[in-house]
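Visitor: I should like to understand how the terms used for a protein model are justified. Could you take me through the reasoning step by step?

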Amino acid sequence: MKMEDDMLESVLWMAHEIQARVAELGRAISNDFDGRSFVVLGVATGAFMFVADLVRHISLPLQVDFVRVQSYGNNTKTSGVATIGTDCKIDLKDKHVIVVEDIIDTGITLAKLVNHLESKGATSVSVCVLLDKVFRRVVPLKLSGSGKCYVGFECPDYFVVGYGMDFAERFRSLPCIGVLKPEVYQQ
Amino acid sequence: MFVADLVRHISLPLQVDFVRVQSYGNNTKTSGVATIGTDCKIDLKDKHVIVVEDIIDTGITLAKLVNHLESKGATSVSVCVLLDKVFRRVVPLKLSGSGKCYVGFECPDYFVVGYGMDFAERFRSLPCIGVLKPEVYQQ
């Protein structure tokens, strides 16, 4: 039991539900990428927990790295401007890349990142996202080469926290995903 | 991987961030030179910081990082490390303020991989920790 649980109005996905879905995603990726070397590229900081669990369910050899992309600031809505803050250390030229994101909202950030990875010479860019806010999409999901798309759950139009996802850098360590009580936003 | 699992076992509210520090390159021995590549996003001034490391070897990298965090105004700097290669220590473990030290396991003097730790960016996704066959280093 965590102290931060008291600040949740509702839990959308419990820890065991998330773990089961992550295992399924890992198996799907293992089936699709067998025989190819690839890089799992997590988007920091929000995807750190998802990446850690996902890669343990992928049975193939893989490399892991992270990029930092900023879009939200300390608000609950995307600013619409996405900047790639920290680039990855691994050379992505001629590699298959799987971008791992915690959540897709408008799609602006992801589109910018996929373009960036294409410019670095990646052979293909796939996307594995835990939560998809389909109703808020402004820019269609764009892959590259033979890239595939993997989605954990469709997410209703709430601002969610937990399992790596934050509000003002808090709540990342919750093992579940939920919606904050409105009074938390006033703090 | 260690951070993701550790924080789920901490019952208190906390913030999480990452720094990138380079020392090994693509070798199995530390180069002795530690550079803080990517700084953290959170303002650490007047905060208690727990640095979470996969492994401490000579201690050079960690000492540099602790100094860096002190210079950023952290109230205290604690360290939580999964593996401690005590026999290879060159620089003593240094904390700051009321900082505490947490060690997972003492590690024998092998180059280890798994549970987030790599050799040339490979093997990070293994859920266990182990020693590579010598022929892997020749590849």
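**Strands, cores and salt bridges**

Guide: Let us begin with a pairing: strand 2 and strand 5 of chain A run parallel to each other and are joined over five bridges. Please keep in mind that this is a predicted model.

Visitor: What makes strand 2 and strand 5 of chain A a pair?

Guide: Two strands count as paired if at least two bridges are found between them. Strand 2 and strand 5 of chain A have five bridges, so they satisfy that condition. Within this pairing, Gly42(A) stands opposite Val100(A) of strand 5. Strand 2 of chain A is also joined to strand 3 of chain A, in parallel, by six bridges. There, Leu41(A) has Asp65(A) of strand 3 as its bridge partner.

Visitor: Why is strand 2 of chain A called largely enclosed?

Guide: Seven of its seven residues are buried, so strand 2 of chain A is largely enclosed by the rest of the structure. Both faces are covered: one side carries Phe38(A), Val40(A), Gly42(A) and Ala44(A), and the other carries Val39(A), Leu41(A) and Val43(A). In a regular strand the side chains alternate between the two faces of the sheet.

Visitor: With which residues is Phe38(A) in contact, leaving aside its neighbours within four places in sequence?

Guide: Phe38(A) is in contact with Ile29(A), Phe33(A), Ile58(A), Leu60(A), Pro61(A), Leu62(A), Gln63(A), His96(A) and Ile98(A). The word contact is used because heavy atoms lie within 4.5 Å.

Visitor: Which residues touch the most other members of the largest nonpolar core?

Guide: That core has 49 residues, and the ones touching the most other members are Ile29(A), Phe38(A), Phe50(A), Leu54(A), Cys128(A), Leu131(A) and Ile177(A). Helix 2 of chain A, residues 48–55, gives the largest share, seven residues. A second, separate core has 19 residues, among them Cys88(A), Ile90(A), Ala122(A) and Val125(A). In soluble globular proteins, nonpolar side chains tend to be buried together.

Visitor: How do you know that helix 2 of chain A is largely enclosed?

Guide: Eight of its eight residues are buried, so helix 2 of chain A is largely enclosed by the rest of the structure. The cover of these residues includes helix 1, strand 2, strand 3, strand 5 and strand 6 of chain A, together with helix 1 of chain B. Asp53(A) is one of the buried residues of this helix.

Visitor: Is Asp53(A) buried or exposed, and how do you know?

Guide: The relative accessible area of Asp53(A) is 5%. Buried means under 20%, so Asp53(A) counts as buried. Arg56(A), at 24%, is partly exposed, because that class covers the range from 20% to 50%.

Visitor: What makes the meeting of Asp53(A) and Arg56(A) a salt bridge?

Guide: Their side chains meet at 3.1 Å, N to O. The limit is 4 Å, so the pair qualifies. Asp53(A) and Arg56(A) are also linked with Asp5(B) and Arg8(B) in a network of salt bridges. Over all chains, the search finds 25 salt bridges.

Visitor: Why is the pair of Arg68(A) and Asp17(B) said to join two chains?

Guide: The closest N and O atoms of Arg68(A) and Asp17(B) are 3.1 Å apart, and the two form a salt bridge. Arg68(A) lies in strand 3 of chain A, while Asp17(B) lies in the loop between helix 1 and strand 1 of chain B, so the pair joins two chains. Arg68(A) is buried, at a relative accessible area of 8%.

Visitor: What makes strand 3 and strand 5 of chain B edge strands?

Guide: Each of them pairs on one side only. They belong to an open sheet of three strands in the order 3-4-5, with parallel pairing. Neighbouring strands of this sheet are turned by 15° against each other on average, direction ignored. Strand 3 and strand 4 of chain B pair over eight bridges, and one of the residues involved, Ile55(B), has Leu83(B) as its bridge partner. Helix 2 of chain B packs on the sheet, touching strand 3 and strand 4, and its direction makes about 165° with that of strand 3.

Note on methods: Residues are numbered from 1 along each chain as its sequence is written. Chains are lettered from A and ligands numbered from 1 in the order in which they are written. This is a predicted model: local features need pLDDT of at least 70, side-chain atom pairs count only at pLDDT 80 or more; totals for chains, interfaces and linings use all residues. Side-chain values use heavy atoms; hydrogens and water are left out. A nonpolar core is a set of buried Ala, Val, Leu, Ile, Met, Phe, Trp, Tyr and Cys residues joined through side-chain atoms within 4.5 Å. Buried means under 20% relative accessible area, exposed over 50%, partly exposed in between (1.4 Å probe, protein chains only). Helices (H or I, at least four residues) and strands (E, at least two) are DSSP runs, numbered from the N terminus. Axes are lines fitted to C-alpha atoms, for helices over the stretch in contact, and angles run from 0 to 180 degrees between N-to-C directions.
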